[in-house]
Amino acid sequence: MAKYTMRFTQFGLTTLKEVPADAEIVSHKLMLRAGLIRRLASGLFTWMPIGLRVLRKVEAIVREEMDRAGALELLMPAVQPAELWQESGRWDKYGPLLLRMSDRHDRDFCFGPTHEEVITDVARRELRSYKQLPVNFYQIQTKFRDEIRPRFGVMRSREFIMKDAYSFDLDQAGLDESYARMHAAYTAIFERLGLTFRVVDADSGEIGGSRSQEFHVLADSGEDAIAYSDEDGFASNIETAATFPEGTRAAASEDIKKLATPGIKTIQALCEFLKIDPQQTLKTLVVEGTDCPIALVLRGDHELNAVKAQKIPGVASPLTMAAPETIVRVTGCSPGFAGPMGLDIPVFFDHATLSMSDFVCGANAADMHYTGVNFGRDIELPDSVDIRNVVAGDPTPGGNSTLSITRGIEVGHIFQLGDSYSTAMGATVQTPDGKNQVMAMGCYGIGITRIVGAAIEQSHDDAGIIWPDALAPFDVVLVPINMHRSEAVASASEALYDELQAMGLAVLFDDRNARPGVKFADAELIGIPHRLVVSERGLEAGELEYRHRRDDESRNLKREEALNLLKE
């Protein structure tokens, strides 16, 4: 009887013709239209039967490769006591992303967004000797992060399913080996999933640690920009891609002048007013500091990199732009006219500014800018820092090539945590010489639910989803034409359905009494790789109509030919 769950009329599948109003990106639209998910509340989704089939396929591949890499599966509670987070120092640090709650005894808990604290508690209770190391525990578990603005369907939801793993080693050398093992396992996972991806150096963010890398599924709609060079074998999130001092500075050819620029507060407006390019301008941004405000100076066409900037000594973290009244107090003018000259606060210049000459900058006076400004004459030549995002054409760290920029969706992240959590929480083991030593930890996450959305973002067309074979909810959709009016079609379709299942294929039998066009449209929307059509005309010729989801046209094949194709 199990096979009947794969009949369209009994599978509980409802597709939508119209795009839901709240869906912003392709994956969100198609997942709702194809019946993979249904919205419960903001950032909360029910995975419907067909969507769950895809989700379980992702989980199965992840689980197989984690087991192959020697990791041990466990399952930790989703709800975690506040004491553990207070012990690690993250109860207050994690901020509003942490969903906090109290039980009937007024004890504080949170719904886990991640499980470093819990696994460290497990390790300090269970691991006593270096002989038990190395060990790697993993789970596939529901997480919750209270996003301020959940959006993009499962790509940025509040509740999601994640695979998180945690390695424990005696020292850094052991951690390096565990980290390399997980890097290889992740590479195998995304190759098996059939996704085009890149591994990039990244910032560790809220998790912390000394080294981290992200696995990105490449897609034009990706939120993250990736800087890469195939020639140099380099790839990095633009948050961490470094820039360097470059080029020589031309000699001054203009005198400095103070120019009235009434109401000109943006780089774009300034360039239009003076008929110059943004590369000829400086912009001065005032940010909050730990002791006093700090000025950050960039070339007009470059973007400030918050991750880099907040690592500058004295800059507040997280990076916070100064309030308008603060800017007036330290520059003497309203925002839009600030410049680096004459400021009585720390000023940091980006590397790229040092190759500029005869540039334009704010004059620290209302409606005024300077033109023809030069280092060494008008501004003392400063040291420079890296505080901007890289752009296409910047040199690679090796200097042998230039960077290109593409976009990606982060679906995996691996960290070397070191001993930060094990030290804070007293997770030690006894060494061969009888001493206690804190363990070196690694953390390795994969967004299970996010992978489904990312796969759709990477591969779709106007008709719907185009799944990689490894993720498709069904291998074949069987579409009989007018089976409710033709005994021959009904009988042949039932026999073919049984035979396909006996071959080990997952088949969706579209037994609906619906027009062929409706069935074809739903098959393309859902994205099932192979489609077989049974019709009276085809039966008379001993043929089945076959079409792969990626093909432009269908073709008629002899029955055995079609079955052999599917076997392959």
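Which elements each supply at least two residues of the lining of the second largest pocket? In this predicted model, they are helix H7 (residues 267–274) and strand S14 (282–287). The contribution of S14 is the greatest, at 5 residues. The pocket itself has a volume of about 300 Å³. Its lining comprises 18 residues, and those closest to the centre are Lys-265, Lys-283, Thr-284, Leu-285 and Gly-336. By class, the lining consists of 11 nonpolar, 5 polar and 2 charged residues.

Helix H7 also leads to a neighbouring topic, the sheet on which it packs. Three strands, in the order S13-S18-S17, make up an open sheet with antiparallel pairing. Its edges are strand S13 (257–260) and strand S17 (359–362), each of which pairs on one side only. On average, neighbouring strands of this sheet are turned by 30 degrees against each other, direction ignored. Helix H7 packs on this sheet and touches S13, S17 and S18, while its direction makes about 100 degrees with that of S13. Within the sheet, S17 and strand S18 (residues 368–373) are joined in the antiparallel sense over 3 bridges. One position in this part of the sheet is Phe-359, which stands opposite Val-373 in S18.

Another set of pairings runs in the parallel sense. Strands of a sheet pair through backbone hydrogen bonds, either parallel or antiparallel. Strand S15 (residues 294–299) pairs with S16 in the parallel sense over 3 bridges, and Leu-296 has Phe-348 in S16 as its bridge partner. S16 also pairs with S19, again in the parallel sense, over 2 bridges. Here Asp-350 stands opposite Val-385 in S19.

Strand S16 takes part in an aromatic contact as well. The count of aromatic pairs in the model comes to 13. One of them is formed by Phe-349 and Phe-375, whose arrangement is edge-to-face, with 5.6 Å centre to centre and 75 degrees between the planes. This pair links distant parts of the chain: Phe-349 belongs to strand S16 (residues 347–350), whereas Phe-375 lies in the loop between S18 and strand S19 (384–385), 26 residues apart.

Further along the chain is a sheet of 5 strands, which is open, has mixed pairing and follows the order S27-S26-S28-S29-S30. Strand S27 (507–509) and strand S30 (555–558) stand at its edges with a single partner strand each, so one side of each is left without a neighbour in the sheet. The average turn between neighbouring strands of this sheet is 30 degrees, direction ignored. Strand S28 (residues 530–534) and S29 pair in the antiparallel sense over 4 bridges, and the bridge partner of Val-533 is Glu-545 in S29. Helix H13 packs on the sheet, where it touches strand S26 (476–480), S28 and S29, and its direction makes about 175 degrees with that of S26.

The last feature is an enclosed space. A search of the whole structure finds 1 cavity of 30 Å³ or more, and about 70 Å³ of space lies in the largest cavity. Helix H13 (516–526) and strand S29 (543–548) each supply at least two residues of its lining. The residues that line this cavity are Val-477, Ala-523, Glu-524, Ile-528, Arg-531, Arg-547, His-548, Arg-549 and Asp-551. By class, they divide into 3 nonpolar, 1 polar and 5 charged residues.

Technical notes:
Residues numbered from 1 in each chain as written. Predicted model: local features only at pLDDT ≥ 70, side-chain atom pairs only at ≥ 80, totals over all residues. Heavy atoms only, no water. 1 Å grid on protein atoms, 1.4 Å probe; cavity = no way out; pocket = protein on both sides within 12 Å on 5 of 7 lines; lining within 4 Å. Points joined across faces, edges and corners; volume = space filled by probe spheres on them. Nonpolar A, V, L, I, M, F, W, Y, C, P; charged D, E, K, R; others polar. Pairing = 2+ DSSP bridges. Axes fitted to C-alpha atoms, helices over the stretch in contact; angles between N-to-C directions. Contact = heavy atoms within 4.5 Å. Phe/Tyr/Trp six-rings, centres within 6.5 Å; stacked < 30°, edge-to-face > 60°.
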